[in-house]
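Open the model in your viewer and keep the selection tool at hand. This tour moves from charged pairs to open pockets, then to the interior.

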Amino acid sequence: MEGDRPSQNTVDKSAATQPVDAPRVQMDGADLLRVIAVLAVLYSHISFYLLDDIGGGWWMIDVVNTVLIEDAGLNMHLSFVGVSIFMLLTGLLITRSAMRQSRRDFMVARLARLVPALWFAVAMAVILVKLGLNGMFSGQPGITNGEAFLSFFLGGFFLRPEVAVLGVTWTLVVQIVFYLYCISMRGTLNTRPIVVPLVGAALCALVIVYNLYLPQPYTVPFLTKVAGVLPTLFLGQIAYLGWARLITWRWVVVGVIAQIEVIRLAIEVHTFWMGDTYLWTLLVVTGTVLILARYNGPITRWPVIRWIGTRSYAIYLIHTLVLYRIYATVEPHLGPSAAVLAFLAGTAALAEIMYRWIELPAARHISTHYARLSARSAT
């Protein structure tokens, strides 16, 4: 990042009128980071369930608590570790597409990959709750038809109280807000790119302060969480802009400081229950992503890394739907280790089905149909 091109100062001065290129930055370690993120998310929910919900234990939790939490100082349950990696990767990988694609092409491409799998997972969650096999993630005894409909569009998180039939989908709200913000600022992203994360940081701080000081009837509490997490995506965006040499290292420093200050504000208003460990965890995660994102070693080409990396979205969506039921069924007979292995096997099988039969074909169908419509309109 420090070795800027000789023409960088010229780009900075004339960027208001001359669009910049959006060069490709090779991210060979992306799948490896997705694997780490998936493992962290799975561990986090297993740990929450065993320790907080049923008061149980497992030898792996003891190891992680000693090495990564007590010694390394990361968040309890490794909470937000996996989510932070996914968010940083989104900022790293999506920014270039937002700069190069038209607004419509960009959103169609993103939603084609996100929505079909999301709708399938939400439908499964609603059915399991209606049948009494699973509970709600937000504490309600059940879900109404209206709330179920809203859940397909992530609307349940904006209700009071929140209605979450599939809790992990809150992160998709953050991602979609990031997408919409990037395309709304596409012109600026292509002329003075550093302005985008800086203005984003200011808007996030404004949302947090708004929800903190205005009377409760006029606030949207969930947006505080969104505003507290968005800086993680902006950190990824800044990393891409730095690696692509679209901004100087000085602007990288300024951009990073701006995001950290927003995160500090979010911590002060208790957006994150982890307190100071959240910021330290995010710094460790950011360092890990920066080290591994461009790593191209033998492990990045292992078939298992590729398999988990390509199915990480399906795993993320589906795992909490089967974790508690499988564990409660297997553990009394075979113990916690066998129950966790059964959960992982069940999640892998469902993720494979979801990826091959829903996520991939639906994305291809939507993209093909959209390409045909675009070709017809062009003629």
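A salt bridge is a side-chain nitrogen of Lys or Arg within 4 Å of a carboxyl oxygen of Asp or Glu. Keep in mind that this is a predicted model. A search of the whole structure turns up six salt bridges.

**Stop 1: Arg113 and Glu359**

Select Arg113 and Glu359. They form a salt bridge, with the closest N and O atoms 3.1 Å apart. The pair links distant parts of the chain: Arg113 sits in helix H5 (residues 103-130) and Glu359 in helix H15 (residues 336-378), 246 residues apart. Now show the surface. Are the two partners buried or exposed? Arg113 is partly exposed, at 36% relative accessible area. Glu359 has a relative accessibility of 3%, so it counts as buried.

**Stop 2: Glu352 and its partners**

Stay on H15 and select Glu352, then add Arg311. Here the closest N and O atoms of the salt bridge are 2.5 Å apart. Glu352 lies in helix H15, while Arg311 lies in the loop between helix H13 (303-310) and helix H14 (312-334), so the pair ties together parts 41 residues apart in sequence. Both Glu352 and Arg311 are buried.

Next, add Arg356. Its side chain meets that of Glu352 in a salt bridge, 2.2 Å from N to O. Both residues belong to helix H15 and are four residues apart, about one turn of the helix. Arg356 is exposed, because its relative accessible area is 51% and exposed means over 50%. Glu352 has 19%, and buried means under 20%, so Glu352 counts as buried.

**Stop 3: the largest pocket**

Select Arg34, Leu93, Ile94, Arg110 and Arg113. What space do they surround? This is the largest pocket, with about 1,200 Å³ of space. Of its 35 lining residues, those five are the closest to the centre. You have met Arg113 already, as the salt-bridge partner of Glu359.

Colour the helices next. Those giving two or more residues to this lining include helix H2 (30-53), helix H4 (81-100), H5 and H15. Which one gives the most? It is H4, with 10 residues. By class, the lining divides into 18 nonpolar, eight polar and nine charged residues.

**Stop 4: the second largest pocket**

Select His45, Phe48, Gly167, Trp170 and Lys225. They lie nearest the centre of the second largest pocket, which is lined by 32 residues. About 810 Å³ of space lies in this pocket. H2, H4, helix H10 (221-243) and H14 each supply at least two lining residues. H2 gives the most, with eight. The lining has 19 nonpolar, nine polar and four charged residues.

**Stop 5: the core and a cavity**

Hide the surface and select Val165 and Tyr240. These two have the most contacts inside the largest nonpolar core, a set of 120 residues. In soluble globular proteins, nonpolar side chains tend to be buried together. Show what surrounds Val165. Leaving aside residues up to four places away in sequence, Val165 touches Val122, Ala125, Val126, Val129, Met136, Phe137, Ile143 and Ser151.

Val165 has another role on this tour: it helps line the second largest cavity, as do Val122, Ser151 and Phe157, among others. The volume of this cavity is about 60 Å³. How many charged residues are in its lining? There are none; the lining has seven nonpolar and three polar residues. The whole structure has three cavities of 30 Å³ or more.

Technical notes:
Residues numbered from 1 in each chain as written. Predicted model: local features only at pLDDT ≥ 70, side-chain atom pairs only at ≥ 80, totals over all residues. Heavy atoms only, no water. 1 Å grid on protein atoms, 1.4 Å probe; cavity = no way out; pocket = protein on both sides within 12 Å on 5 of 7 lines; lining within 4 Å. Points joined across faces, edges and corners; volume = space filled by probe spheres on them. Nonpolar A, V, L, I, M, F, W, Y, C, P; charged D, E, K, R; others polar. Core = buried A, V, L, I, M, F, W, Y, C linked by side-chain atoms within 4.5 Å. Buried < 20%, exposed > 50% of the residue type's maximum accessible area, 1.4 Å probe, protein only. Contact = heavy atoms within 4.5 Å.
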